[in-house]
Amino acid sequence: MANKLNKEFYNTVLAQAFSPCGTLLITGDAYGTLSVFNLSKVVNPVGNITKEELVPRNRIVVKADYQVNSLLSTPKHLLVGGYGEIYAYLWNNIKGSNRNVQATWSIEIPSGQNSFNKAEVNAMLFNKNTGTFYAGCGDNKVYCFNLETRKCLKVLSGHSDYIHAICKTGDNNLISCGEDGLVNIWDLRTNKVTDKLEPHLNGKVARNELGKWLGAVDCNEDYIVCGGGPRLTLYHYRFLTNSTIFPIDDQGIHVAEIYDDKVLAGGKSKLFYQASFNGDIITEIPTSAVTTYSVVKHEEPFRIMCIAGSSPKIDVSLNFMYKDQQLSLHASSFKTAIITEHAKPIEIVEKKQVKLKANQVRVQVSYCSLNSVDSHKFKQGGGELPFVPGYELSGEVSEVGREVGADQISVGEKVVGLSLENFGGLAEECVLDIDDVFRIPTEVTTKDAAVIAYGHSLALYTFSKLSKLKENEPVVITAGPAGLGLAAVDVAANIYKTQVIGVVDTEERGELVRERGAFTTVHFSPKLVKEILKKTENKGANVVYDAAGEPMMEHIGGCAAVGGKTFYASPFFHKTIPAPVPHTFSTIVSLKALRAQNRHLYKTVVNDTLELANESLIAAHISAEFSLEKINDALQFIEDRKCTGKVLIKVDE
């Protein structure tokens, strides 16, 4: 099971190709599998696309222990490049209903003196005018084969390290680039290098910390574009002088292509770029993969671009401007944290996907807050087991139910979700009701959104709808280790400009609360009420906000003024609250309860909170970040009361 999970969750797509008719997409992955996708229903769906239409209709295992490095589509065959061999599959067989598709022939790459080191086939291209194809390989050579006879016609030797990419213009020129940092321009009539580029020797282009390797090259009659360790750069073909150095944020380029009067590029970056020749960024498409290794596109029979890399997800763009859909090599299961027994370590297991209901949204989770309620359920229970914790999450929409309109949310949008009823956020994906999914504004990061959505929204609701705060009036807020109180301090001090008196348990937390805008802080002690009354001229505060729970909640109500209100913001733990002191009022505040009572107001409050963050009026505070696999360490971090704010789990590593 572990091996199967690794292959499903940690797969990499290194190559893609379209069928000659354009309706099939073939991907080749790190485990030697070809996945066949039917694109017709993705591009022209009848109603909403089902999950079954986003997964392969067939899979072909090329060979055991064989990594698919490159794919090439020819009129009759799909060529598959891996290690030491190129396999050919008939398109008629791939399109047919036969599940056991076999290669019709293969070509062995000459191994030279060392027969044990088989050269990987990293790039291939087809010349339909001559019926030949070229293969750039890991033995530093480019081979030319006749497609019909499968005989090697020529070998181009001019690199000192393995070749990553090849391209050509016309029948007489070919360009190759590789690990040695060279761009070689070949004359195929003489099989000689006529010119070359060495981008790493240009101080403005070089990135010495990344190396001199070149991962991608493309050309047209006027320009050459290339990148890798050196920055993505456009060169004049005729003069071999650099025209444009592109200002993109990457840690290495693996894809570069000239398309019309634009450049498409990707690599080790969470964005895929489209830029003009003068360097202006036209679009930035968020990618599922941390590193993009392959991009294919065509205009007929429909317009489509598919972006793939270090992920089992393939991003689909129909207008080359933003993500429209997401294909998946394996859609049946995903990783999730799960509590199977209280006070026992949380496990990471495989869970099967559930079918969406009409009004639901599937979110591919990037981040999820680990809250005190998760720790509480871990230790003491409540509800049925097994249980998937996590209710405050952010990520990207991967699927929507049939009744979810485009005006509500679309596939590919960055969102924050609040799963207050069913939890389930500490997983690679989470299914939520459409009313619990909120667009993330442009100036708010996905990471910050997962921290702001609950605590800040609850405070904003309390202070805007249940009380009438006045500028400079005293407000008492308790701040425990979970970040709920810190969010309330942020809202009260920076939105309403009140004089916040923070109640804390440690000086470290007190310092942080003051940094967030608190006027002063008081340490929790038996003398708490007396100290608060002293700071409020013996009147108390009209608004007291308890975000710490026990043991502070037993005393904090005594800080309320006559006619004042005490709000208890920890409803997951407490079904009852202390009786109010005479002539004051007290209540529990809960977004979960608000959602049940007034769905419209609940949505408005969360959207308003995100907009305040977008305007930089409030801010997230992250105490620590852990991977999903380290969730038990994160829980211990909370239990040891080391956190000063929210603890965040990065799910999509």
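**Rings, charges and a surface patch**

Ile 282 is found in strand 24, which covers residues 281-286. The model described here is a predicted one. With a relative accessible area of 39%, Ile 282 is partly exposed, because that label covers values between 20% and 50%. Together with Met 321 and Tyr 322, Ile 282 makes up a nonpolar patch on the surface. The three residues of this patch share about 280 Å² of accessible area.

One stretch of the chain also has a record attached. An unreviewed UniProt entry lists residues 156-196 as "repeat: WD". In the model, residues 156-196 are 61% strand and 0% helix. The C-alpha atoms at the two ends of this stretch sit 14 Å apart.

Next come the aromatic side chains. A pair of aromatic rings is described by how far apart the centres are and by the angle of the planes. The structure holds 12 aromatic pairs. One of these joins Tyr 143 and Phe 145, with ring centres 6.2 Å apart and planes at 20°, so the pair is stacked. The label follows because planes under 30 degrees apart count as stacked. Both Tyr 143 and Phe 145 are buried. Phe 463 and Tyr 496 give another picture: their ring centres are 6.4 Å apart and their planes stand at 80°, so this pair is edge-to-face. Phe 463 belongs to helix 6 (residues 455-465), while Tyr 496 is in the loop between helix 7 (484-494) and strand 37 (499-504), so the pair ties together parts that are 33 residues apart in sequence. Phe 463 has a relative accessible area of 1%, so this residue is buried.

Rings also turn up in a group, and in company with a charge. Phe 387, Tyr 391, Phe 423 and Tyr 454 form one aromatic cluster. Elsewhere, Arg 303 lies over the face of Phe 320, at 4.2 Å from the ring centre.

Then there are the charged pairs. Side chains of opposite charge can pair when their charged atoms come close. The structure holds 22 salt bridges. Among them is the one between Arg 207 and Asp 250, whose closest N and O atoms are 2.8 Å apart. Arg 207 is in the loop between strand 16 (192-197) and strand 17 (214-219), and Asp 250 is in the loop between strand 20 (242-245) and strand 21 (253-259), so this salt bridge ties together parts that are 43 residues apart in sequence. Both Arg 207 and Asp 250 are buried.

Another salt bridge links Lys 414 to Glu 396, with 3.1 Å between the closest N and O atoms. Lys 414 is in strand 33 (residues 414-418) and Glu 396 in strand 32 (residues 392-400), so the pair connects parts that are 18 residues apart in sequence. Lys 414 is partly exposed at 28% relative accessibility, whereas Glu 396 is buried at 4%. Lys 414 and Glu 396 also belong to a network of salt bridges that includes Asp 315 and Lys 323.

Right beside Lys 414 in the numbering, Glu 413 forms a salt bridge with Arg 439, and here the closest N and O atoms are 2.6 Å apart. Glu 413 sits in the loop between strand 32 and strand 33, and Arg 439 is in strand 35 (residues 437-439), so parts that are 26 residues apart in sequence are tied together. Glu 413 is partly exposed, with a relative accessible area of 21%, and Arg 439 counts as partly exposed at 36%.

Methods. Residues numbered from 1 in each chain as written. Predicted model: local features only at pLDDT ≥ 70, side-chain atom pairs only at ≥ 80, totals over all residues. Heavy atoms only, no water. Patch = residues over 30% accessible without salt bridge, like charges linked within 9 Å, V, L, I, M, F, W, Y side chains within 5 Å. Areas by Shrake-Rupley, 256 points an atom, 1.4 Å probe, with all protein chains shown as cover. Salt bridge = Lys/Arg side-chain N within 4 Å of Asp/Glu carboxyl O. Helix = DSSP H or I, 4+ residues; strand = E, 2+ residues; numbered from the N terminus. Buried < 20%, exposed > 50% of the residue type's maximum accessible area, 1.4 Å probe, protein only. UniProt positions renumbered as here; feature names shortened; annotations may be inferred. Phe/Tyr/Trp six-rings, centres within 6.5 Å; stacked < 30°, edge-to-face > 60°. Lys NZ or Arg CZ within 6 Å of the ring centre and 35° of its normal.
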